[in-house]
Structures are given as C-alpha cells and as structure tokens.
Amino acid sequence: MLDALPTAFLFFAAAILLLAMPQGRLRGVLLLVVPLIAGWQVWSLPFGELVQVGFFGFELELMRVDKLSRVFGLIFTLAAFLGNLYAWHVRDTVQQVAALLYAGSAIGAVFAGDLITLFFYWEGTAIASVFLIWARRTEGAYHTGMRYLIIQIGSGVILLAGTALFYRETGSIEFGQMTLGSLATWLIFLSFGIKCAFPLLHNWLQDSYPAATVTGTVILSAFTTKLAVYALARGFAGTEILIYIGAIMTLFPIFFAEIENDLRRVLAYSLNNQLGFMVVGIGIGTEMALNGTASHAFAHILYKALLFMSVGAVLFRTGTSKASELGGLYRTMPRTAMFCLVGAASISAFPLFSGFVTKSLILDQTASQHYPIIWAILVFASAGVLSHSGIKIPFFTFFAHDSGLRPREAPMHMQLAMGITAALCIMIGVYPDPLYALLPYEVDFHPYTTGHVVTQLQLLLFALLAFAVLMRTGIHPPEIRAINLDTDWTYRRLMPRMLSAVSKGVAAVWTGSATLILSGISGLVRRLYRSHGPEGRMAQVWPTGSMVLWIAVLLGVTLVVNFLS
Amino acid sequence: METEILHHTRASFQDHLPVLVILVPFLAAPLMVLLGSRRLSWPIAFGASVAAFGIAILLLAKVIDGTEISYHIGGWAPPLGIEYRVDAANAFVLLLVTGIAAIVLPYARESIKTEVPVRHHTLFYALFLLCLTGLLGVVVTGDAFNVFVFLEISSLSTYVLIAQGSYRDKRALTAAYDYLIMGTIGATFFVIGLGLLYMATGTLNMADIAERIADQGGNRTVRAAFAFIVVGVGLKVAIYPLHLWLPNAYTYAPSAVTVFLAATATKVAVYVLLRFMFSIFQPAFLFEVNTLEFIILPFAVLAMFAASFIAIFQNDFKRMLAYSSIAQIGYILLGIGLLSEAGLTAAIVHLFNHGITKAALFMGVGIYVLRSGGSFLDDIQGLGRVMPLTSAAVVIGGLSLIGVPGTAGFISKWVLVQAALEKGWWPVALMIVASSLLAVIYVWRVIETLYTKPPASDVIAGEAPLSMLVPLWIMAIACVWFGLDTDLTIGASQTAAQGLLSGSAGMR
C-alpha cells in the first residue's frame with residue numbers, strides 16, 4: 001500500500017494529524033515515528049517511476065526512485081528523525097509543523113522526476129523552513145527570515161522561469177541530465193546555485209542559519225543545501241565550471257570562519273566549505289566522483305548536524321554561542337563535549353571517522369582526473385576545516401580559558417540524538433562498506449591504505465602543531481580578550497596577519513558593494529514613493545476634467561493609429 | 001461548429017433559457033419594489049440570482065463542446081429581430097457573473113446592515129438585480145445596439161449602488177459622480193461607434209455587421225467606429241489611462257457592491273471588447289493589429305507595473321486591491337494583445353480566476369470593515385489573531401493574487417507566460433514574472449499587518465457572522481479548486497478563444 005503513496009505525503013499527512021493532537025509526548029512520538037516509517041518505505045521501494053499524476057496537460061513523476069535519489073531520500077529521513085529527536089522538548093506547534101513540512105518537501109524534491117514537481121517542492125522547502133527562523137520570535141529573526149525567504153522564493157521563481165523556457169525548447173519537463181548553453185539551463189543552474197550557496201550567492205546561509213532556533217538550525221542544516229547538491233548531481237554532473245566554483249567554495253569561507261565569533265555562524269561557514277567538496281565532485285562527474293559527492297553529503301549531514309546539535313545544546317543551557325563568552329564547559333557537559341569532538345574529528349576527516357572515508361573519494365578523483373591545482377586547494381581547505389571546525393569549535397566551547405559557566409549537562413533526549421549521530425559517524429568511518437553499497441555506482445575504493453592514512457595524518461598533525469604553536473606564542477591574555485569581543489574579533493590575532501588582511505579585503509569589497517546596491521535600492525524606492533505613493537502624482541485623485549482629457553487623448557491616439565495603418 | 005436555430009413556436013422551456021437568464025432578475029427587481037416588503041426583498045433577490053445561476057450552468061453545459069445557440073426574441077428572425085446568442089465565450093462569463101451574484105447576496109445581507117440605512121434595503125436589492133440584468137444582457141445579446149442598452153442599465157444602477165456608500169463615507173458621492181461622467185462619456189463613444197458601424201453596414205445584428213465588414217474591408221468609417229468602440233468600452237474595462245474612476249468607486253462603494261463590481265463589471269466589459277474586436281471586426285485587419293500592438297499592449301504592461309507600485313504604497317487595504325485590479329486587468333489585456341489562441345485563452349482564464357480571487361479578497365475587506373470600522377492597515381492590524389477564519393481566507397486570496405502554485409492565479413499566469421513565450425516574447429514573459437513579485441510585496445504588507453502586529457484595543461472581538469464567512473470561504477476554496485482542477489476553466493477558455501479567433505466565421 002505504501003508503494004502508491006509518495007513519501008513526501010506521509011510527512012504532509014502527519015503535519016495535518018499533528019494539528020489535531022494535543023501538545024505533549026504523543027506529538028513527539030508522532031514526530032519520531034513518521035521519519036522512521038518514511039525511511040523504511042524508501043528502503044523497501046523498488047526502483048522505477050512509481051507515481052504519476054496528470055496536471056494540466058503534463059504528466060508529473062512524483063516518485064522517481066533510483067540509487068541516487070534513494071541515498072538522498074534515506075539520509076533525509078534519517079536527518080528528520082535525528083532532528084525531531086533532538087527537538088523532543090520543543091512544545092511549539094509552528095516549529096513542529098514546519099519541521100515536518102520542510103522534511104517532506106525536501107524528500108519530495110529528491111524523488112521528483114520532472115521539473116514542475118521539483119519546483120513545487122523547491123518552494124515548499126523555502127516556505128516551510130522560514131518558520132523555523134521566525135519561530136525564534138525576535139525582531140532580528142523576523143528580518144533575517146524575510147531576507148532568507150526573498151532569496152529562497154527568488155530561487156524558485158528563477159527555477160520556474162527556467163522550466164518554462166526549457167519546456168519551450170525541448171518540449172519535455174523531465175528532470176534529467178542537462179547541459180549548460182541555453183538561457184533555460186543557465187536559469188535552472190542559477191536557481192540550484194542559489195540554494196547551494198555558490199560564492200557570492202551564499203550570504204543567506206550564514207545570515208539565516210545562526211538566527212534560527214536551537215533545534216531549527218539542526219534541521220535547517222540538513223536539507224536545503226543538500227537538496228541543491230542532489231539537484232546539481234542529477235542535472236549538471238560533469239559540468240566543468242562546477243569544479244572551479246566548488247574549489248572557491250571550499251576556500252573562501254575559511255577566512256570568514258576563522259574570524260567569526262558566533263560559533264553557529266562558524267559552522268555555517270564550514271557548511272559552505274563542505275558543500276564545495278561536493279560541488280567539485282559533481283563537476284568532475286565521473287562515477288567515482290559522484291559516489292564521493294553522494295557519500296560525502298550523507299556523512300556531512302550527520303556530522304554537521306552533530307556539531308550544530310552540540311553547539312545548540314550549549315546555547316540551550318548557557319544562552320550564548322559566542323566563542324568569547326564560552327570555555328571550560330567540559331567540566332559540567334562532558335558528554336556533549338565528547339560528542340562535539342566526534343563531530344569535529346569527522347568533519348576534519350580523521351581516519352576512523354566518517355569524513356575520512358567520504359572526502360578521500362573526492363580528493364582521490366581530483367588527483368586521478370588530473371586537476372592538481374584543485375587537489376591542492378582541497379587539501380589546503382581540509383587543513384582549514386580542521387582549524388576552524390575541528391579545533392576552534394570544541395576548543396573554545398569546552399576547553400580554552402574557563403568562562404566560569406557551570407551549566408548542567410544537555411537534556412537526555414539531546415544526548416540521545418547526539419549519541420546516535422556520533423555512533424553513526426564512527427560506524428561509517430570504521431566500516432564504510434554499507435554506505436558504499438548504497439551509492440549510485442559500484443565502489444572500488446579502499447580508504448584505509450597506508451598512503452591515504454599517512455597523508456591525512458601528516459596533514460592533520462601538522463595543522464594541530466601549527467595551532468598549538470600559535471596558541472603558545474600568539475595568544476593574548478584572557479583578561480583583554482574578555483572585553484567586548486563582539487566588535488573586535490580578537491582571535492583574528494591567532495592567525496597570521498596576512499590572513500587577516502586578506503579577509504579584511506574580501507570583507508571590504510563585499511560590504512562595499514552590498515552598501516552600494518542597498519543605497520541604490522533605497523534611492524529607487526524613495527523616487528517610486530514620490531511618484532506612486534499615496535500623495536504621488538500617479539495615485540492622486542484627479543479632477544473630473546483631467547480624467548475626461550485623458551479619454552480624449554486616448555481616442556485621438558487610437559484614431560491616428562487606425563487611420564495611419 | 002453548428003449553430004442551433006430555434007423556432008419560437010415549437011420551443012420548450014429548455015430552449016428559452018437564453019432569455020430566461022435575463023428575464024428572471026429583470027422581472028424580480030420591479031416585483032420587489034411593488035411588493036414593498038423589506039422582509040421579502042432579500043429572498044426574492046437571492047432566489048432570482050440563484051435561478052439565473054442555475055440557468056447559466058445549463059447553458060454552459062450545452063455549449064461547452066463548441067455549439068452555439070441562437071435565440072430569436074419574440075420569434076422575429078434577425079437581422080430584423082433581436083437575437084440572443086450563446087457560445088462558450090459568453091456562457092463562461094454568464095457563469096462567472098451569475099455565480100458571483102448568487103454568492104454575494106447572502107454576504108450582502110449582513111454587510112449592508114451597517115453600511116446602508118434600512119429604509120433603502122429594498123431599493124438596494126432591486127438595483128443590484130438590475131445591475132445583474134444589465135451585465136447578463138450585455139453578455140448574452142447578439143445585437144450591437146442591445147449591448148448599449150444593457151450596458152446603460154447596468155451602468156446607471158451601478159452609479160446608484162456606489163453612491164449608497166455615502167452613509168459610511170461621503171466621498172462615495174463624488175466617486176459615483178465621477179464614474180457617472182466618465183461612464184456616460186464612454187457609453188457615448190460606444191454609441192457613436194455603433195452609429196458609424198450602422199452607417200457603414202446598415203445593420204445592427206452582430207453577425208450581420210461582421211459579415212458586411214468582412215466583405216467591404218476596413219474603410220475610414222469602420223476604422224473610426226473601431227476607435228470609438230475600443231476607447232468607449234476601454235473606459236468600462238479600466239484600460240490603464242482610463243482607469244481613474246475605478247479606485248474611488250471601488251474604495252467608497254459598500255463592501256458587497258465592491259465585491260460584485262470587481263468580480264463582474266470589468267470582466268463583462270472585457271468580454272464586450274473581445275466580442276467586438278474578434279467577432280465583429282476581423283482580427284486580421286491591420287488597423288486592429290496595430291491598435292492592439294501600439295496602444296493596448298504598451299498600456300497593459302504599463303498598468304501591470306504602475307498600478308502595482310501604487311498598490312504597494314497604499315495604506316488602505318481596499319484601495320490597494322482596487323489598484324491591484326487595474327494591474328490585473330493589464331494581464332488580461334496583455335493576453336488579448338498577444339493575438340494568439342494561447343494569449344486569448346490566458347486572457348479569458350485570467351478574467352475568471354481574477355474574478356474569484358478579487359471577490360474573495362474584497363469579501364475579506366468587507367468583513368474587516370464590519371468588525372473594525374475601516375479598511376486601513378491601522379484598522380486591520382492584528383486581526384489575524386482575532387478573526388482567524390476570515391484572515392486565513394484572505395491569505396489564500398492573496399496567494400492567488402500573487403500567483404502562488406496551487407491557486408487559481410498561478411494557472412492564469414502560467415498560461416499567460418506560456419503564451420508570451422510561444423510568441424518568442426520572453427522579455428514580456430519576464431515582465432509578467434517581475435510584476436508578480438510586486439504583488440508579493442503588497443500582499444505581504446497586508447499579511448504582515450494581520451499577523452505580526454498587536455490588534456488595536458478598540459476592536460470588536462470575534463469572527464464574522466456565518467452568512468459572510470461561508471461566501472468568503474466558498475470563494476477561497478474556489479481559488480484553490482481552480483488552481484488544481486483546470487478542466488473547466490482552461491477547457492471553456494480554449495473553446496472560447498478558438499471561437500473568437502475564427503472571426504466572423506464563428507458567428508455564422
């Protein structure tokens with residue numbers, strides 16, 4: 001029976017059911033059971049195009065199940081389960097419903113076999129997810145949510161325009177492999193790019209994710225961008241420009257992440273950097289590279305969620321996620337600290353953790369497909385990841401100088417969610433074969449060769465060493481650092497001065513152009529208001545005589561046009 | 001295309017439907033005044049409009065496959081006698097007009113209690129029915145002069161209906177007066193155009209005129225007639241620079257009147273424009289192509305943007321919607337201006353979809369006016385929490401106005417974009433999308449006001465009466481229904497567009 005029901009509808013039905021239920025444990029159970037059923041369904045579905053719906057002269061494919069969509073479908077249901085478990089304590093109907101609708105839309109989009117269905121779910125993710133940001137119910141979160149919504153809806157509108165043009169050109173709405181070239185495919189590419197946070201299109205991500213609720217960020221981090229990765233892998237595999245876009249994506253967030261004080265924002269930057277690896281994999285487009293992208297997305301959703309969960313738990317207990325206000329929390333939150341370390345080790349790709357077995361697939365492909373410079377960039381970026389996510393996050397939260405905070409350990413359900421996620425991270429790292437079996441293509445790759453392990457360890461150990469040296473020599477006394485870090489970002493001094501100059505430069509160019517555009521827009525709005533506002537010329541109440549004059553003018557013009565032609 | 005000609009003597013009840021749809025409201029109106037009973041007036045009005053709605057459904061069912069019904073009034077054969085003619089295009093408009101009337105009347109009952117003095121209620125309903133009669137007559141008749149007569153019936157009653165708003169706001173009087181002047185000039189132009197046509201062809205029957213114009217081609221007289229008719233009807237349509245009567249008329253009329261006018265009056269005028277442009281004058285005439293391309297099309301695009309910008313800055317929800325109507329009429333005219341089957345289909349679909357969308361929104365406004373005494377954003381702030389059902393329906397209407405997928409508005413915009421792309425005019429397609437984004441802004445302003453601000457302290461708490469909520473929700477559900485099931489709307493529009501584009505051949 002479940003075969004005939006698109007997986008996304010399970011979530012939508014549950015969202016409706018949820019509204020009818022009283023607030024409490026029953027709802028929590030529903031929120032956990034639905035992703036499990038959905039996951040089981042995805043697991044047991046046969047391959048093929050399972051559900052068609054006629055819409056307006058088109059045949060919509062609601063369930064296209066193949067290996068690529070299945071692996072993304074599975075990790076999305078898993079992420080929904082973990083996110084909902086983490087949010088067990090939440091008693092906010094808005095967040096609960098939004099989480100279900102969001103996960104449902106993302107899963108629906110993954111299984112969409114045509115562009116129109118994709119568009120519906122694409123907008124669905126945008127609209128549902130913004131409520132996770134608004135749920136914080138602060139003025140700032142409201143404005144952030146608006147900005148987020150405008151960009152996300154904009155991405156959908158561009159997708160729709162691209163779809164319409166694509167249909168004009170090819171007479172088909174099938175969502176399959178496309179080649180860049182026409183306006184249609186470029187529009188579709190751009191819309192995917194916005195959701196995937198391509199460089200210069202990325203700002204919504206760092207703007208919005210840290211603004212969401214504690215649990216909202218965990219759920220947000222799983223779906224939107226990875227949906228875009230899936231869409232790119234499906235539509236634009238082997239498009240060379242993606243390699244360079246991806247390489248830049250891995251590189252530039254490092255500088256921002258190093259100087260950022262809000263740890264959730266650091267994670268948002270490192271999310272961007274991890275997406276870069278996946279995009280490079282798509283750009284290379286070989287079977288192994290796509291395997292690498294899919295598996296990296298799988299592992300990434302888990303360890304990124306784990307990191308967001310641990311920082312979220314700290315935020316939940318202490319009320320802050322600023323590096324300057326935290327420190328020394330391992331004393332009272334030892335388990336959270338441990339889970340955070342597992343996440344950090346995974347994202348830094350330590351051997352025996354999940355990042356290692358997936359990222360090396362992509363790295364290996366850049367080398368074997370002869371992109372030495374890209375390979376070098378990715379290696380450098382890996383070191384950067386270690387520094388800002390692998391070390392900075394756990395170090396400044398749980399160790400470093402003692403902040404004096406003595407919060408209680410995270411609530412039980414959060415620990416459980418983090419524990420399961422951490423276990424999965426280690427399991428994938430130690431025994432990657434089940435994950436490899438899920439991938440779209442046959443995997444002939446052994447991560448644990450001496451060469452791989454030694455190279456990676458060298459990289460990691462030297463990066464650690466560098467960090468330790470900097471801490472010993474470059475660090476400033478905590479007394480000074482404790483003064484208002486919001487504005488002067490002290491840790492920038494931990495890094496070489498050059499790094500800070502680079503990031504300053506990039507930031508200056510960015511804010512400069514942003515201010516220029518913003519002032520341009522506000523000038524335009526002012527001019528429009530003068531002409532079209534309630535007192536403006538266009539909207540005034542006109543005297544009857546001038547109305548009549550217009551009729552005469554138009555009649556004259558029409559007569560002239562008629563007589564001349 | 002077969003034309004069914006009916007002989008009067010052997011006609012059954014079924015065959016009299018084209019005239020009955022007009023006679024029922026036309027006779028009910030004086031009956032109501034003669035009876036003079038305040039208690040009976042509403043049931044009579046409601047009964048008459050429901051009956052008309054039923055007849056319209058029967059008519060549409062007969063003609064949706066492309067047949068045409070030709071009905072001879074009093075058994076006099078055209079061109080001497082007056083002919084009523086029903087095909088897919090006007091049966092579809094009939095359905096919209098009668099449907100809206102039947103749904104607005106239950107709504108009007110509560111609404112006018114606070115807006116119109118009790119002693120005028122009987123006359124109000126009588127005028128409402130007369131207005132309905134006029135609109136239906138315009139749509140159903142096949143005689144050009146008859147169009148003018150019915151147009152005047154509906155216009156005159158409309159002026160009075162708008163003036164009824166003066167008990168709430170005296171500016172309704174000037175609005176009605178302006179509309180009277182403008183409407184009369186428009187009607188005069190129209191009748192001048194008809195006179196010129198009569199001069200050129202010697203007949204007033206539409207099919208006859210069409211045939212003779214096709215024979216003699218476009219001479220000076222015919223061209224002048226065309227210009228006068230387009231501008232005259234254009235005023236009723238509220239083509240962009242001729243829209244100046246509309247914002248005030250919609251803003252100050254009683255809520256129920258605004259709902260009815262916004263959903264039907266301009267749409268009927270669009271129908272007249274279509275009928276004259278395509279069935280009577282030939283779409284192949286160069287002067288017509290040029291008029292469409294150089295006058296209608298640029299002004300349509302201008303309306304889409306200028307009116308939307310004005311709407312964005314309005315602080316009065318009702319007035320905002322009035323300006324948005326002008327912008328939406330721009331879409332309809334754009335579809336006509338594309339001069340293709342897809343474009344016409346889009347225009348006719350949007351005519352219907354915008355009708356139901358605006359009806360839902362104006363009904364929402366009327367409820368806010370009833371409960372909070374005004375439609376300014378300051379008056380309605382925070383009502384999303386006080387009146388959840390009303391506000392939810394308003395949100396659905398707003399989404400349909402934007403054209404969010406899953407609503408009726410999306411369907412018509414999608415078809416319109418497709419039509420523009422089919423012509424290869426993708427800048428126009430982009431402009432359609434861009435102006436939809438402007439709709440996002442003004443709709444969002446309302447949603448934000450409704451839901452994020454605290455309600456004003458002096459608001460009368462509580463939902464609207466059921467008799468207003470049910471019509472509102474019927475409209476809101478229709479917005480979603482016709483966004484998902486497009487068989488009726490797209491099907492009827494396509495048949496209508498094909499009929500119209502075949503020119504005078506479609507009339508014979």
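**A covered helix, a hairpin and the chain A–chain B contact**

In this predicted model, helix H9 of chain A is mostly covered, 22 of its 22 residues being buried, where buried denotes 20 or more other C-beta atoms, placed from the backbone, within 10 Å of the residue's own. Helices (H or I, at least four residues) and strands (E, at least two) are DSSP runs numbered from the N terminus. Because 22 residues at 1.5 Å a residue should span 32 Å, the expected span being 1.5 Å times one less than the number of residues, the 33 Å between the end C-alpha atoms of H9(A) (residues 214-235) agrees with expectation. H9(A) nevertheless carries a kink of about 30°, centred on Leu220(A), the bend being the angle between axes fitted to the seven residues ending there and the seven starting there.

Strands E2 (residues 52-55) and E3 (residues 58-61) of chain A pair in the antiparallel sense over four bridges, pairing requiring at least two DSSP bridges. Gly54(A) stands opposite Glu59(A) in E3(A), and Phe56(A), in the hairpin with two residues between the strands, takes a positive phi near 65°.

The contact between the chains takes 31 residues from chain A and 35 residues from chain B, residues being in contact if their C-beta atoms, placed from the backbone, lie within 7 Å. On the side of chain A that touches chain B, H22(A) gives the most, with 13 residues.

The model scores ipTM 0.83 and pTM 0.63. Residues are numbered from 1 along each chain as its sequence is written, and chains are lettered from A in the order in which they are written. Local features need pLDDT of at least 70, and side-chain atom pairs count only at pLDDT 80 or more, whereas totals for chains, interfaces and linings use all residues.

Key. Contact = placed C-beta atoms within 7 Å. Buried ≥ 20, exposed ≤ 12 C-beta atoms within 10 Å, placed from the backbone.
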